Amino acid sequence: MNNDNNTIFGIDVDLICNFFLNTERQGPGSPEVTLKALSFIDNLTKDSLIADLGCGTGGQTMVLAQHAPGHITGLDFFPGFVDRFNCNAGKLNLQDRVKGIVGSMDNLPFEEESLDLIWSEGAIYNIGFERGLNEWRNYLKTGGYIAVSECSWFTEERPAEIHNFWMESYPEVDTIPNKVAQVQKAGYLPVATFVLPETCWTEHYFAPLAGARELFLDKYAGNDTAEELVKFQHYEEELYAKYKEFYGYVFYIAKKIEQAK
């Protein structure tokens with residue numbers, strides 16, 4: 001799943017973003033899971049600087065802002081998401097300390113060692129898990145935290161259909177122990193790891209997509225690519241129902257530590 005050529009799964013990124021513009025969350029998650037991950041982070045004050053990378057429309061960001069002190073910058077490459085993000089912040093009267101900006105995960109607009117927390121729910125895959133861990137570390141203060149959710153295997157082996165789907169889509173999918181090892185190798189102390197509940201997929205992701213599909217197909221009536229995208233979403237849902245014991249999203253929370261010279 002990369003957008004190097006402005007496509008994901010061969011589908012135009014702008015079209016995908018327009019589809020997800022009508023959803024509160026653009027991937028599996030829930031307010032409860034966001035708060036659980038936040039509970040492992042203990043360094044935040046009113047002066048803390050937080051970045052939510054790949055923020056989308058800010059479903060998780062607004063939960064963070066309502067339960068954590070500090071100033072939050074949400075970053076996403078799609079202007080439509082950022083506009084909706086800032087609108088949502090204004091509706092919740094959070095605009096004084098929550099701001100969305102258009103930007104790229106691989107060229108962050110922050111000073112090095114300036115951030116207390118980097119957050120990214122279901123979005124680090126855009127540049128790759130290991131690359132994200134290594135590059136984003138430069139922007140964290142020593143003792144700062146990173147909290148990301150990432151698709152991971154629950155078993156060492158799995159059926160060919162789901163294995164091949166993910167290997168074609170995102171070859172960095174790996175087992176939880178291997179992901180934790182990558183976190184540690186990148187210069188972090190692993191603090192907590194937990195699997196997102198099934199409801200994060202069924203209730204908070206797939207169920208709201210039904211309404212989004214209707215709006216999307218009405219807007220792009222007769223567009224073959226739009227219809228293909230909706231078919232793909234259905235296929236993704238079918239795969240999860242069939243193979244959910246083999247994979248899912250996992251939250252990884254870790255603290256930046258000094259590395260030996």
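This report walks through the overall build, the core, two helices and the empty spaces of a predicted model.

**The whole protein**

Let us start with the broad view. The protein has 9 helices and 9 strands. Its radius of gyration is 18 Å, close to the 18 Å that the globule rule gives for 261 residues, so the protein is as compact as a globular protein of that length. Measured out along its principal axes, the C-alpha trace spans about 55 × 45 × 35 Å. Of the 261 residues, 52% are buried. If you look at contacts with a separation of 6 or more, 76% of them join residues 24 or more positions apart.

**The core and its neighbours**

In soluble globular proteins, nonpolar side chains tend to be buried together. Here, the largest nonpolar core holds 84 residues, and W136 and Y247 have the most contacts inside it. Y247 is a good place to pause. Leaving aside neighbours within four places in sequence, Y247 is in contact with C151, S152, W153, F154, I162, W166, W201, E236, L239 and Y240.

Another residue to find is F165, which sits in helix α6 (residues 160–169). F165 is buried, with a relative accessible area of 9%. Not counting residues up to four places away in sequence, F165 touches F232, Y235 and L239. L239 is thus a contact of F165 and also of Y247. For a sense of distance, the C-alpha atoms of F165 and G222 are separated by 27 Å, and these two residues are 57 apart along the chain.

**Two enclosed helices**

Helix α1 (residues 13–20) has 7 of its 8 residues buried, so α1 is largely enclosed by the rest of the structure. Those buried residues are V13, L15, I16, C17, N18, F19 and F20.

Helix α3 can be read in a similar way: 7 of its 9 residues are buried, so α3 is largely enclosed by the rest of the structure. G59, Q60, T61, M62, V63, L64 and A65 are the buried ones. What lies over them? The cover includes the helices α2 (31–38) and α4, together with the strands β3 (49–53), β4 (71–76), β5 (98–102) and β6 (115–121).

**Empty spaces**

Rolling a probe the size of a water molecule over the atoms shows where empty space is left. A search of the whole structure finds 1 cavity of 30 Å³ or more. The table sets this cavity beside the second largest pocket.

| Space | Volume | Nonpolar lining | Polar lining | Charged lining |
|---|---|---|---|---|
| Largest cavity | About 50 Å³ | 7 residues | 2 residues | 1 residue |
| Second largest pocket | About 170 Å³ | 4 residues | 6 residues | 2 residues |

The largest cavity is lined by 10 residues, and Y125, E150, C151, Y170 and Y249 lie nearest its centre. Strand β7 (residues 140–153) gives the most to this lining, with 3 residues. C151, already met as a contact of Y247, is one of the residues nearest the cavity's centre.

Around the second largest pocket you will find L21, T23, E24, T57, G58, G59, M62, V63, Q66, R84, N88 and L92. Which helix supplies the largest share of that lining? The answer is α3, with 4 residues. Both α3 (59–67) and α4 (79–91) supply at least two residues each. G59, M62 and V63 belong to the pocket lining and are also among the buried residues of α3.

Conventions:
Residues numbered from 1 in each chain as written. Predicted model: local features only at pLDDT ≥ 70, side-chain atom pairs only at ≥ 80, totals over all residues. Heavy atoms only, no water. 1 Å grid on protein atoms, 1.4 Å probe; cavity = no way out; pocket = protein on both sides within 12 Å on 5 of 7 lines; lining within 4 Å. Points joined across faces, edges and corners; volume = space filled by probe spheres on them. Nonpolar A, V, L, I, M, F, W, Y, C, P; charged D, E, K, R; others polar. Core = buried A, V, L, I, M, F, W, Y, C linked by side-chain atoms within 4.5 Å. Buried < 20%, exposed > 50% of the residue type's maximum accessible area, 1.4 Å probe, protein only. Contact = heavy atoms within 4.5 Å. Rg over C-alpha atoms; globule rule 2.2 N^0.38 Å.
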